[in-house]
Amino acid sequence: MNAGESQRAPWIVGVSGASGTPYAAAVLRALLDAGESVDLVVSRASRLTLLDETGLSFRDAHWRDDLREWLSRGADGKPDTFAVRLDRVRHWSAGDLAAGPSSGSYPAKGMLIVPASTACVAGVALGLSKDLLQRAASVTLKEGRPLVVAVREAPLGGQTLRHLVSLDDAGATVVPASPAFYAGATHIQDLVDFVAGRVLDAVGVPHTLYRRWAGELGGGSRTT
């Protein structure tokens, strides 16, 4: 292990099976654009969602090629919309419970679950650790590191609401995948980027994904 690798402290990004894979792509691109390192965990259920929403596969044996194709697409599905570099990304299989992020001694800045399904929310709130995504989230909480849960479901039932309160009590930040319109969105990518930006705001990662509120009414209706 070289000195650079020993000092590496990534953000762990977990992608669960909820609808909203464009949110995950936007967060991943923004983290890399900000110069951050990323450890990626893509759940088995999320691979089905990715295939359904984009037509793309995510395979452990070909994760780099599959991730590059995914991240290069815009939220509208248009290929080659974004340039992507993956030199700061490390991928861990969701079934690998001996992976680095499964241990509290593994250096990490925190974890972002984008999007978070209700099943994922329940598993993390109850400490089930049924796969690496849930285990890494539990480790993040017990180590007192930032955990952001971008829940994507409508409507929210009572059980899920109670699980979200439990996560909040445990120190997690709950960020509903709920786009706002004051930023002057003109494209589906703008709405996706707003949610991704709020996820990154929660952990203090700088970005330029959306126009921030400046206290001036009507700003979102202007085109520049």
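**Group meeting: a sheet and the helices packed around it**

In helix H8, the buried residues are Gln 189, Val 192, Asp 193, Phe 194, Val 195, Ala 196, Gly 197, Val 199 and Leu 200. Before I go further, please note that the model on the screen is predicted.

H8 covers residues 188-201, which makes 14 residues, and its first and last C-alpha atoms are 20 Å apart. That span is close to the 20 Å expected at 1.5 Å a residue. What covers the buried residues of H8? The cover includes helix H2, residues 21-33, together with two strands, E4 at 110-116 and E5 at 147-151.

Those two strands bring me to the sheet. It is an open sheet of 6 strands, in the order E3-E2-E1-E4-E5-E6, and the pairing is parallel. Strand E3, residues 89-93, and strand E6, residues 173-174, stand at the edges; each has a single partner strand, so one side of each is left without a neighbour in the sheet. As general background, the strands of a sheet pair through backbone hydrogen bonds, either parallel or antiparallel.

Let me take strand E1, residues 11-15, next. E1 and E2 pair in the parallel sense over 5 bridges, and Trp 11 has Val 38 of E2 as its bridge partner. With E4, strand E1 forms 4 bridges, again in the parallel sense. Ile 12 is partnered there by Met 111, while Gly 14 stands opposite Ile 113. How many residues of E1 are buried? The count is 5 of its 5 residues. Trp 11, Val 13 and Val 15 point one way from the strand, Ile 12 and Gly 14 point the other way, and all are buried.

Strand E4 can be described in similar terms. Of its 7 residues, 7 are buried. Gly 110, Leu 112, Val 114 and Ala 116 lie on one side, with Met 111, Ile 113 and Pro 115 on the other, and both faces are covered. E4 also pairs with E5 in the parallel sense, over 4 bridges, and in E5 the bridge partner of Ile 113 is Val 149.

I turn now to helices that lie against these strands. Helix H5, residues 118-126, lies across E4 and E5 and runs at about 145° to E4. In helix H6, residues 132-142, I would draw attention to Thr 140. Is Thr 140 buried or exposed? Its relative accessible area is 2%, and because buried means under 20%, Thr 140 is buried. Leaving aside neighbours within four places in sequence, Thr 140 is in contact with Gly 110, Met 111, Arg 145, Pro 146 and Leu 147.

Finally, I return to H2 and its packing against helix H4, residues 63-72. Their axes are 9 Å apart and make an angle of about 100°. The two helices are therefore roughly perpendicular to each other. From H2, the contact is made by Thr 21, Ala 24, Ala 25, Leu 28 and Arg 29; from H4, by Leu 67, Trp 70 and Leu 71. These residues divide into 6 nonpolar, 1 polar and 1 charged.

To close, I come back to H8 and the sheet: E4 and E5 are among the elements that cover the buried residues of H8, and E4 is itself mostly covered.

Conventions:
Residues are numbered from 1 along each chain as its sequence is written. This is a predicted model: local features need pLDDT of at least 70, side-chain atom pairs count only at pLDDT 80 or more; totals for chains, interfaces and linings use all residues. Side-chain values use heavy atoms; hydrogens and water are left out. The expected span of a helix is 1.5 Å times one less than its number of residues. Buried means under 20% relative accessible area, exposed over 50%, partly exposed in between (1.4 Å probe, protein chains only). Contact means heavy atoms within 4.5 Å. Axes are lines fitted to C-alpha atoms, for helices over the stretch in contact, and angles run from 0 to 180 degrees between N-to-C directions. Angles under 35 degrees count as roughly parallel, over 145 as roughly antiparallel, 65 to 115 as roughly perpendicular and the rest as oblique. Ala, Val, Leu, Ile, Met, Phe, Trp, Tyr, Cys and Pro count as nonpolar, Asp, Glu, Lys and Arg as charged, and the others, Gly among them, as polar. Two strands pair if DSSP finds at least two bridges between them.
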